[in-house]
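I opened this notebook to keep track of what I looked up, one topic at a time. My plan is to begin with the sheet, then turn to the domains, a helix and the core.

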Amino acid sequence: MSKRLNIAMLGCGFMGRAHSNAWLQVNHFFPREHKPVLKACYGREEDRKKLDEFAARWGYEIVETDWRKLVARDDIDLVDVCVPNHMHHDCVIAAAEAGKIVVCEKPLAMNVREAEEMVAAVEKAGVPNMVSFNYRRVPAIALFKQIVDEGRIGQVFHYRATYNQDYTISQDVPQGGMALWRLDSRVAGSGVTGDLLAHSIDTAEWINGPIRRVTAYTKTFITERRHADTGKVEKVDIDDACMFLAEFENGSIGTFESTRYARGRKNYNTFEINGDRGALFFDLEDPHILQFFRYADPQTGKKIEDHLTGWQRIHVTNFEHPYMKHWWVPGCTIGYEHTFTNSFADFLASLEGGPKFQPDMRSALRTQRVCDAVLDSARRGQWVEIP
Ligand code: SOE
């Protein structure tokens, strides 16, 4: 049985492209009853030319510059929110109230208050919902989680995450506008904390359980930039860099670091876990490799007495690795865009009676709480408990 799923895409930027591509690809690689159709897309009137090009390139039937009209249409089943962060709240709530299935890009919201209202709206409406923390669906990251769950790491002592980039180092980079709204706090909510550390926090809590408390330090290196919308030099309020220490509920301790000023780093999302039985390391700039150090037998906890102990580089492309049987033959890699396709494949499966999709908005609210606690701690210079 085939079910048409009409999509309204809000946003025609980087994420609009990533999601459109994934909706188009998902049925080619995963057997699902739902057949996504790119029905309509929204962009601002100021970006009309770009919006028309976007619609033509991806095959959207309808183009709209009033997102409320799109969300209200009877022929829309699913609203995909890929607009900048300051619009997530209103778009998600309107979509839920209209009874639509809702997909939202990360971070869920500008702050916890907004996120709570969004969760209340989707839960009241009873609509399926997901937040696009796409890195959970990198096969090597899913395998990382599987190996931890299999007990191969044992008791965890350390969790260490970095998420570094370098694209804002120049004073000449403006804030605001199509791509650089991430530098404008009124649109983004925060800097690297919401944009990059939200990914690291989502992955960390998924793999290593809840964070109990944090202490953070943030830094803004360039405090004034020309605004792309007004042309004027305006104050920059976002955190360009953020570091925090964390205590997890399982007793392990974590360090998290993120910056957009790490010259040479482009999308350096790494994390390592060290336990008494083993360790794992992942680097998104080398996405199909998972490094595993096997020390002890997961069942007995006893040291494996042989001469082969050492870091293994697992090339995560075999049929038995997460998601890979749906793609190519062993040894053939997949990339960034496939993480969105894998996500939508799982989300469609959940609509068809499969396991409940995670993270949904309630789980993403949890990540928002940690992000807010990090920023609060940096402001107050104190440890902050996660409620
Ligand atoms: C920022 O540069 C960014 O595009 C994030 O917004 C994405 O979430 C991340 O996956 C890549 O970097």
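**Entry on the sheet.** Before reading the strand order I noted that two strands count as paired if DSSP finds at least two bridges between them. The model I am looking at is predicted. With that in mind I looked up the open sheet, which has 9 strands in the order 16-15-14-13-7-12-11-8-17, with mixed pairing. I then asked myself why one side of strand 16 and of strand 17 is left without a neighbour in the sheet. Strand 16 (311–315) and strand 17 (384–385) stand at the edges and have a single partner strand each, so each has one side with no neighbour in the sheet. For one pair I went further: strand 7 (residues 156–164) and strand 12 (residues 253–259) run in the parallel sense and are joined over 7 bridges. In this pair I found H158 opposite I253 of strand 12.

**Entry on the domains.** I looked up the domain assignment of the protein chain, which gives domain 1 (3–135) and domain 2 (138–385). Taken over C-alpha atoms, their centres are separated by 23 Å. To their contact, domain 1 brings 39 residues and domain 2 brings 41 residues. On the side of domain 1 that touches domain 2, helix 1, helix 5 (112–125) and strand 6 (129–132) supply at least two residues each, and helix 1 gives the most, with 9 residues.

**Entry on helix 1.** I therefore turned to this helix, because a residue is called buried if 20 or more other C-beta atoms lie within 10 Å of its own, and I wanted to know which of its residues are buried. In helix 1 these are M15, G16, H19, S20, A22, W23 and V26. Among the elements that cover them I listed strand 1 (3–10), strand 2 (34–42), helix 2 (48–58) and helix 10 (336–351). Helix 1 (residues 14–29) has 16 residues and spans 23 Å from its first C-alpha to its last, close to the 22 Å expected, and at W23 helix 1 bends by about 30 degrees.

**Entry on the core.** Last, I looked up the largest nonpolar core, which has 101 residues, and I noted V92, V102 and V374 as those with the most contacts inside it. Helix 11 (residues 361–380) gives the most to this core, with 9 residues. Because domain 1 (3–135) and domain 2 (138–385) both give residues to this core, it lies between them. Apart from it I found another core, of 5 residues, including L183, V187, A188 and I238.

How values were computed:
Residues numbered from 1 in each chain as written. Predicted model: local features only at pLDDT ≥ 70, side-chain atom pairs only at ≥ 80, totals over all residues. Core = buried A, V, L, I, M, F, W, Y, C linked by C-beta atoms within 7 Å. Buried ≥ 20, exposed ≤ 12 C-beta atoms within 10 Å, placed from the backbone. Helix = DSSP H or I, 4+ residues; strand = E, 2+ residues; numbered from the N terminus. Domains from an automatic or database assignment. Expected span 1.5 Å × (residues − 1). Bend = angle between axes of the 7 residues up to and from the residue. Contact = placed C-beta atoms within 7 Å.
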